[in-house]
Amino acid sequence: LHNVIVNEETGVLHTTVILNTARANLPLFLNPQVIVDTPTSPVTSGLPLFFVIIVTAFKQGYEDWLRHKADNSVNKSPVYIVNGGRIVENQSEKIQVGDIVCVKEDETFPCDLILLSSSREDGTCYVTTASLDGESSQKTYFTVPDTNAFRTEKEIDSLIATIECEQPQPDLYKFVGRIQVFSDKESVARSLGPENLLLRGATLKNTDKIYGVSIYTGMETKMALNYQGKSQKRSVVEKSINVFLIVYLGILVSKSLVGTILKYIWQLDPTNDEPWYSLKEKNTNKFIKMFTDFLSYMVLFNFIIPVSMYVTVEMQKFLGSYFITWDKDMYDDHLGEGALVNTSDLNEELGQVRIREHFLFIL
């Protein structure tokens, strides 16, 4: 079935939240206060940790819910399939391999299609692939010469042909296949290339309508394969924060290690022993005692980790996404829509975009 999932994070909400939270707050999860005795109250160290987790989880969960909602709208969008010599409306997620789909001008292809016929006499159609490769110029695609004569629903439904093609791959510009068209007289085999393949996500332009047969659907489309296996996008600010976080963690571990070493050096003097209220720990294993002392120093020095900075950054990103949505200068009167923020993780990257004006001079 054609189950389109535009964003790879959709459907794994809890995993996404946990991974994002753990990545940003790794040293906080190492809080050892639950297993050692320290003069610091557990609430002092635990409350900021839980607050950061809740804020991050809420932000990531809300954005994943919005993406899941957008995916459902795409899955339920209407498509038109030729069935029994007539056009039948169906849902995008229910397209199967081999279905003949009718796409009209300014509509988006719901799956990867082999172009069978076009309303243009020369058997071509024009397509924009801006959502796939960022190119706004129109590209020309060609029908199979032996199938372009089938122009109506009844004619295209009477077409008998078989298609052999390669396994799905993410490369947008490579495709190898073969179509064999059967007629009363003989069968004709034609090769298929990228110029015959209409990619999911592209838009039909300057062509009334086309008929195409679906060959890749759902997660096997080239657009979906390009989403899979992608590493999570991180802004320059987030990367720099992670670097500083490692530095702070190194400082925290170093201070704790130095404190533990100095304590046992100080206790080499027989007069410098454990205080009277810690005599009960003398009989414990020495290595275990050193480890618990190290964890105690970790708790005492955990203020080095800037917890408040993470909360501020997460809230700034979350609220900043709403200001982008509310920006009237980014409202499109033609579409009747404003800016849509799919994720707030890259808000600060927009500050690096510079608008350049291009002038065309005709001599």
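A helix here is a DSSP run of H or I with at least four residues, numbered from the N terminus. The exercises below concern a predicted model.

**Exercise 1.** Determine in which helix Leu 262 is found, whether Leu 262 counts as buried or exposed, and to which surface patch Leu 262 belongs.

*Solution.* Step 1: Leu 262 is found in helix α6, which covers residues 236-266. Step 2: exposed means over 50% relative accessible area. Leu 262 has 51% relative accessibility and therefore counts as exposed. Step 3: Leu 262 forms a nonpolar surface patch with Leu 257, Val 258, Ile 261, Ile 265 and Leu 268. Together these residues have about 590 Å² of accessible area.

**Exercise 2.** Describe the surroundings of Lys 222, beginning with whether Lys 222 counts as buried or exposed.

*Solution.* Step 1: Lys 222 lies in helix α5, residues 222-227. Step 2: buried means under 20% relative accessible area. Lys 222 counts as buried because its relative accessibility is 1%. Step 3: beyond residues up to four places away in sequence, Lys 222 touches several residues, among them Asp 112, Gln 169 and Leu 197. Gln 169 is 53 residues from Lys 222 in sequence, yet their C-alpha atoms are 6.3 Å apart. Step 4: the Lys 222 side chain reaches the backbone oxygen of Lys 174 at 3.1 Å.

**Exercise 3.** State which strands stand at the edges of the open sheet.

*Solution.* Step 1: the sheet has 6 strands in the order β2-β1-β3-β12-β4-β10, with antiparallel pairing. Step 2: β2 (86-91) and β10 (197-198) each have a single partner strand, so they stand at the edges, with one side of each lacking a neighbour in the sheet. Step 3: elsewhere, 2 bridges join β1 (residues 78-83) to β3 (residues 100-104); the bridge partner of Ile 81 in β3 is Val 101.

Key:
Residues numbered from 1 in each chain as written. Predicted model: local features only at pLDDT ≥ 70, side-chain atom pairs only at ≥ 80, totals over all residues. Heavy atoms only, no water. Buried < 20%, exposed > 50% of the residue type's maximum accessible area, 1.4 Å probe, protein only. Contact = heavy atoms within 4.5 Å. Polar contact = N/O pair within 3.5 Å; in protein donor to acceptor, adjacent residues only side chain to side chain. Patch = residues over 30% accessible without salt bridge, like charges linked within 9 Å, V, L, I, M, F, W, Y side chains within 5 Å. Areas by Shrake-Rupley, 256 points an atom, 1.4 Å probe, with all protein chains shown as cover. Salt bridge = Lys/Arg side-chain N within 4 Å of Asp/Glu carboxyl O. Pairing = 2+ DSSP bridges.
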